[in-house]
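Me: I should like to learn how to read the features of a protein model. Please take me through them one at a time.

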Amino acid sequence: LSSDINDFKNSTYRVFSYLSSEGMKQTTEMNAGTPFMIPACPEPGTQPPQLGHGYHVAAPLLNGGWYFLGEVGKIVSASTVRVKSVASDAATLTLQMEGVSNEVVQIGFIKPSSTSTSFFSCPTPTCSLKSCPVTIACSLSQCSCK
């Protein structure tokens, strides 16, 4: 949509490379003045043979300087079916999520003034509902499940 393009012109993102051993720790800044260059696939015949694909997630800068990378290992990393809300300020990142009973939800995020990724796993509660709510609250020093 044209509104998405206009939003991008004024936004900053961090790109997380899920399929890269380096990407699990570091991210790359992307904005209108600093585009993200998708790495080239290896040339045919490269030895040893390599897969010619990648999976990159662009996470927008949130209030307070946080980036929410979504669920680790999911093709749709921040589905509205599972991520119900994201709120942040300079001190906290709070996520309202849903999953099945006793499922472990693993999220990735970047703290303010950092370029390194952090990860946190949180089990959903035992419940008889089709979808069980869980709140993940992260401060600059730790995360917790509610």
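**Reading charged pairs, burial and rings**

Reply: Let us begin with a single residue. At 35% relative accessibility, Glu29 counts as partly exposed, because that class lies between the buried limit of under 20% and the exposed limit of over 50%. Please keep in mind that this is a predicted model.

Me: Which residue forms a salt bridge with Glu29, and how far apart are the closest N and O atoms?

Reply: The general idea is that side chains of opposite charge can pair when their charged atoms come close. Here the partner of Glu29 is Arg14, with 3.7 Å between the closest N and O atoms. Arg14 lies in strand S1 (residues 12-17) and Glu29 in strand S2 (residues 27-31), so this salt bridge ties together parts that are 15 residues apart in sequence.

Me: Is Arg14 buried or exposed?

Reply: Arg14 counts as buried, because its relative accessibility is 8% and the class requires a value under 20%.

Me: How many salt bridges does the structure hold?

Reply: There are three salt bridges in the structure. Another of them joins Glu71 to Arg82, where the closest N and O atoms are 2.6 Å apart. Glu71 belongs to strand S4 (residues 67-71), while Arg82 sits in the loop between S4 and strand S5 (83-88), so the pair connects parts 11 residues apart in sequence. Glu71 has a relative accessible area of 2% and is buried; Arg82, at 16% relative accessibility, also counts as buried.

Me: Which further residue forms a salt bridge with Arg82?

Reply: That residue is Glu103, and the closest N and O atoms of this pair are 2.9 Å apart. Distant parts of the chain are linked here: Arg82 is in the loop between S4 and S5, and Glu103 is in the loop between strand S6 (92-99) and strand S7 (104-110), 21 residues apart. Glu103 is buried, with a relative accessible area of 16%. Through shared partners, the salt bridges join Glu71, Arg82 and Glu103 into one network.

Me: I should now like to turn to aromatic rings. How many aromatic pairs does the structure hold?

Reply: The structure holds two aromatic pairs. In one of them, the rings of Trp66 and Phe109 have centres 6.0 Å apart and planes at 45°, so the pair is tilted. Trp66 lies in the loop between strand S3 (56-60) and S4, whereas Phe109 lies in strand S7, so that distant parts of the chain, 43 residues apart, are linked. Trp66 counts as buried at 0% relative accessibility, and Phe109 is buried with a relative accessible area of 2%.

Me: What does the secondary structure of the whole protein chain come to?

Reply: It comes to one helix and 10 strands. Read from the N terminus, the order of elements is α-β-β-β-β-β-β-β-β-β-β.

Me: What share of the residues in the protein chain is buried, and how much area does the chain expose?

Reply: Of the 146 residues in the protein chain, 33% are buried. The chain exposes about 8800 Å², of which carbon and sulfur atoms supply 57%. As for contacts with a separation of 6 or more, residues 24 or more positions apart account for 51% of them.

Notes: Residues numbered from 1 in each chain as written. Predicted model: local features only at pLDDT ≥ 70, side-chain atom pairs only at ≥ 80, totals over all residues. Heavy atoms only, no water. Salt bridge = Lys/Arg side-chain N within 4 Å of Asp/Glu carboxyl O. Helix = DSSP H or I, 4+ residues; strand = E, 2+ residues; numbered from the N terminus. Buried < 20%, exposed > 50% of the residue type's maximum accessible area, 1.4 Å probe, protein only. Contact = heavy atoms within 4.5 Å. Areas by Shrake-Rupley, 256 points an atom, 1.4 Å probe, with all protein chains shown as cover. Phe/Tyr/Trp six-rings, centres within 6.5 Å; stacked < 30°, edge-to-face > 60°.
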